Amino acid sequence: RFARELQSAQTYREATDAAQRETARSIGYRHAWILAFDVEDDSHLRLLSMSGPLAATTLERAPSVPVEGDALIREMVATRAPVVVTDARTDPRVNRQLVRLLGFRTIVNVPLSLPDRPFGVFGVGTFGDEGPKPPTPVDLARLAAMAGHLAAALARVRLEEERREAERRHDELEEQLRRLRRLETWGLVAGGVAHDFNNLLTVILGAAHLLDEGGAPEDAATEVRRIRDAAERGRALTAKLLAIGGRQPAAFRPVDPAARLAAARERLARVIPPSVTVVIRAEPSLPHIAADLAQVDQLLMNLSLNARDALPRGGRITLSADVADLGAEDLADAPWATPGRFVRLTVEDDGEGMTPDVLERMFEPFFTTKGPDRGAGLGLAVTRGIARRHGGFLRVRSELGRGSCFETWLPAASPAGGDPAPAAEAPRARRGRERILVVDDESAVRELFTRVLRRAGYVVATSEDGRAAVDAARREDFDLFLLDVLMPRLDGFGAYAEPRTLKVDPRVLFLSGYAPDESGLKAIDGRRVRHLSKPVSPAELLRAVRDALDA
């Protein structure tokens with residue numbers, strides 16, 4: 001019965017409880033305990049568990065027992081036989097300090113042994129007013145038999161405990177490696193951003209210096225163009241970084257995948273050498289995908305340019321599209337994706353291929369195998385971010401010397417609709433005379449917006465944060481609030497939600513350096529609000545202001 005009960009014990013406490021119940025039933029001892037030699041230091045016995053009325057007190061006051069200096073323990077270790085103390089108050093072998101501390105009377109310690117080494121002690125006994133209760137020879141035989149079963153059960157429990165501890169340490173090491181990899185990635189990001197932006201700033205500072213020195217009007221126009229071009233390249237780099245983090249705003253609509261492949265081939269034809277052939281393969285009647293047109297084009301171009309770079313001596317790039325139904329089992333590595341119909345956009349080359357270590361790191365921002373000035377190493381990170389943001393995912397196959405295949409799986413949408421027509425040239429922004437409050441914690445931004453708006457005829461006031469904007473709104477009325485999203489003291493959303501300060505139905509245009517969460521773009525009362533992402537050109541600002549005022 002005892003052996004069967006031990007089979008279900010999963011912890012030291014469960015095994016000790018089973019032993020205590022058995023000894024209380026068959027012998028009359030109400031207390032049982034198990035001590036074990038420390039795995040790394042056999043000079044102490046550690047109290048693994050105790051059952052009985054004094055269990056909590058004993059575990060607290062005597063968590064371990066030193067072998068050296070305890071004659072009772074030394075005797076049991078030396079003889080490997082049960083040791084009986086009839087009355088601890090008079091027996092000279094016991095640890096007098098423990099007797100005074102815990103109130104031992106009768107102590108029976110039975111050795112626990114594994115096949116290759118001692119394990120510890122199985123003990124029973126009496127305390128205090130229970131008085132002495134020495135075991136009979138039959139009792140000792142029973143306790144010795146119980147100890148044999150206990151040793152096997154405790155070895156199993158210890159093995160399981162060591163397994164869990166090994167798993168815990170393994171998890172800790174994996175987490176440390178992940179942290180180190182994140183630090184390494186952030187180092188690459190910082191270095192890459194610093195490199196690219198320092199190049200842009202060099203152009204801007206140099207052009208500004210030449211402008212400051214004066215010169216011919218045509219030279220001034222050239223330097224202004226260089227400054228504008230550098231700023232646009234900086235905006236594109238920032239957009240790539242935001243796309244990696246899913247902060248780039250997107251406009252989803254039905255997009256024809258076959259048309260996007262054709263457009264990608266046209267763009268690719270301008271940048272590939274004659275030794276590279278581009279082939280298009282698309283299934284007929286492909287469903288549309290719900291996607292941001294510009295981001296899908298960027299995804300295909302990133303993958304196509306990578307394929308081109310993998311063909312230094314020429315070869316073939318194949319752009320293809322097909323459709324498949326994917327179930328939950330097909331999406332095990334993409335838990336964010338929803339089972340259903342997917343369109344697969346494939347970019348395949350027969351070029352150099354990738355080694356396993358490159359495959360492992362290829363999506364890290366700023367990791368690149370290309371030489372200097374041949375890319376910042378953001379393309380694949382951006383591509384994966386775009387796929388995931390569309391509810392899809394990216395899969396890669398590559399073998400050194402046999403080329404690479406990048407599959408982008410995007411959820412299919414209704415076939416209705418199609419690619420939108422190219423946007424017409426935006427009309428010139430109209431002027432106005434309304435009162436506008438510009439709220440931004442960056443003084444240079446406030447000054448720029450103020451100059452642009454005043455030149456267009458608007459009456460402009462400024463505030464440096466949301467709290468100052470609320471105070472200004474209490475003093476006077478404004479027709480439009482330009483609110484930066486992130487500001488000290490009170491952010492833009494907080495200022496917008498401030499009760500009884502802004503107009504009942506205020507016109508608000510939020511601005512930020514990145515797209516806020518979708519939840520933040522919904523007004524406090526549930527209505528959609530307008531948002532403009534920085535950096536913004538004067539023309540874009542004036543158009544957005546006029547649209548907001550005329551809405």
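Trainee: How do you know whether R489 is buried or exposed?

Mentor: Set its value against the cut-off. In this predicted model, R489 has a relative accessible area of 63%. Exposed means over 50%, so R489 is exposed.

Trainee: Where does R489 sit, and what is its phi?

Mentor: R489 lies in the loop between β16 (480-484) and α14 (492-497). Its phi is near 65°, a positive value in a residue other than glycine. Most residues other than glycine have a negative phi, and that is the reason to point this one out.

Trainee: And why is S285 called exposed?

Mentor: The reasoning is alike. S285 has 75% relative accessibility, so S285 counts as exposed, given that the cut-off is over 50%. S285 is in the loop between β8 and β9 (289-292), and its phi, near 55°, is positive although the residue is not glycine.

Trainee: What makes strand β5 mostly covered?

Mentor: Count its residues. β5 covers residues 104-113, and 9 of its 10 residues are buried. Buried means under 20% relative accessible area, so "mostly covered" is a fair label for β5.

Trainee: How do you know that β5 pairs with β4 and with β6?

Mentor: Compare the bridges with the rule, which asks for at least two bridges between two strands. Strand β4 (residues 83-85) and β5 have 3 bridges, while β5 and strand β6 (residues 118-127) have 8. So both count as pairs by that rule. β4 and β5 pair in the antiparallel sense, and so do β5 and β6. I107 is a handy residue to look at: V85 stands opposite I107 in β5, and I107 stands opposite G125 in β6. A hairpin of 4 residues joins β5 to β6.

Trainee: Now the sheet with β8. Why are β8 and β12 called edge strands?

Mentor: The open sheet has 5 strands in the order β8-β10-β11-β13-β12, with mixed pairing. β8 (276-282) and β12 (393-399) each pair on one side only, which is what earns them the name edge strands. From one strand to the next, the twist averages 15°.

Trainee: What makes β8 and β10 a pair?

Mentor: 7 bridges join β8 to strand β10 (residues 315-326), against the required at least two, so they pair, and they run parallel. One of the contacts to look for is A282, whose bridge partner in β10 is A321.

Trainee: Which helix packs on this sheet?

Mentor: Helix α9 (residues 293-309), touching β10, β11 (340-349), β12 and β13 (403-411). The direction of α9 makes about 30° with that of β11.

Methods:
Residues numbered from 1 in each chain as written. Predicted model: local features only at pLDDT ≥ 70, side-chain atom pairs only at ≥ 80, totals over all residues. Heavy atoms only, no water. Helix = DSSP H or I, 4+ residues; strand = E, 2+ residues; numbered from the N terminus. Axes fitted to C-alpha atoms, helices over the stretch in contact; angles between N-to-C directions. Contact = heavy atoms within 4.5 Å. Buried < 20%, exposed > 50% of the residue type's maximum accessible area, 1.4 Å probe, protein only.
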